[in-house]
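Reader: Got a minute to go through this one with me? Let's pull it up first.
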Amino acid sequence: MDPKVVNPIDQDLDKLELEIRRLKIEYDIFFNGGTVRPPLDTRGRVETAIKRIYDVRSKSFGQRFRYNSLVARYNVMRELWRRQAQEKEESGRPPTAEAHHAMRDRTAVIHCSNPRVEPEKVSELYDHLIAAKRDCGERVGKLTLDLFTKFLTSRTDDVKRHFSTENVEFVVGIDAGKVKFTARPASKDTRTARAD
């Protein structure tokens, strides 16, 4: 039996629908005080996909109908987000206590004595850093796991040499809406933990 051929336009529409759903969730988190900055990266991806699919001339009637429905849904949500953002700015409400607690809970402290032989710790630290950058609306850029591993190895060697220590702890957190990433000599009584 021949495998089913998937139309690339249908795949693009599926991705667009998924990105719109993700964007709605991220805006809900933002308006409920879970993040400091709106999800501008995700919004940019959605708007780029909308323009790209619009330029495709070979859409079938069904694909055009689905595209128009997705764009209409996005436009309604975009207007709602615009009004909510305006209300938030006018009210000047500070982040809630729950939002501050959520930010503190997302601070991660990872102990690492040698990134070359502890790939699981490097990967965990990388995941925390990328998640924090996305929460703050910061660009990830070309930061791959390989580049991050090289940076971490160099930073670990520097801290060990400078502080005459064998273990280093890396802290990923959010401070005043910006990602904070630091390396310091590790506390002797803990291995891998989250900061309070």
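Reader: Before we start, what counts as buried or exposed here?
Author: Buried means under 20% relative accessible area, and exposed means over 50%. Keep in mind that this is a predicted model.

Reader: OK, α6 then. Which residues are exposed on the other side of α6, away from the buried ones?
Author: Those are D146, K150, R161 and H162.

Reader: And which residues of α6 are buried?
Author: F148, L152, T153, T156 and V159. They sit on the same side of α6 because they cover an arc of only 140° around the axis.

Reader: Why would residues a few places apart point the same way?
Author: An α-helix has 3.6 residues a turn, so residues three or four places apart do just that.

Reader: What do the buried ones pack against?
Author: Two of the partners are strands β2 (168–175) and β3 (178–185). The others are β1 (108–112) and α5 (119–135).

Reader: How far does α6 reach, end to end?
Author: α6 covers residues 145–163 and spans 26 Å from its first C-alpha to its last, close to the expected 27 Å. Just after α6, S164 has a positive phi of about 50°.

Reader: Switching topic: where is confidence lowest and where is it highest?
Author: Strand β4 (residues 193–194) is lowest, with a mean of 38, while helix α2 (residues 40–55) is highest at 92. Residues 189–196 have pLDDT below 50, though in the model that stretch makes 18 contacts beyond near neighbours in sequence.

Reader: And the protein's mean pLDDT, what is it?
Author: It's 81, with 84% of the residues at 70 or more.

Definitions and conventions:
Residues are numbered from 1 along each chain as its sequence is written. This is a predicted model: local features need pLDDT of at least 70, side-chain atom pairs count only at pLDDT 80 or more; totals for chains, interfaces and linings use all residues. Side-chain values use heavy atoms; hydrogens and water are left out. Helices (H or I, at least four residues) and strands (E, at least two) are DSSP runs, numbered from the N terminus. The expected span of a helix is 1.5 Å times one less than its number of residues. Buried means under 20% relative accessible area, exposed over 50%, partly exposed in between (1.4 Å probe, protein chains only). The arc is that of the directions from the helix axis to the C-beta atoms. Contact means heavy atoms within 4.5 Å. pLDDT is the predictor's confidence in each residue, from 0 to 100.
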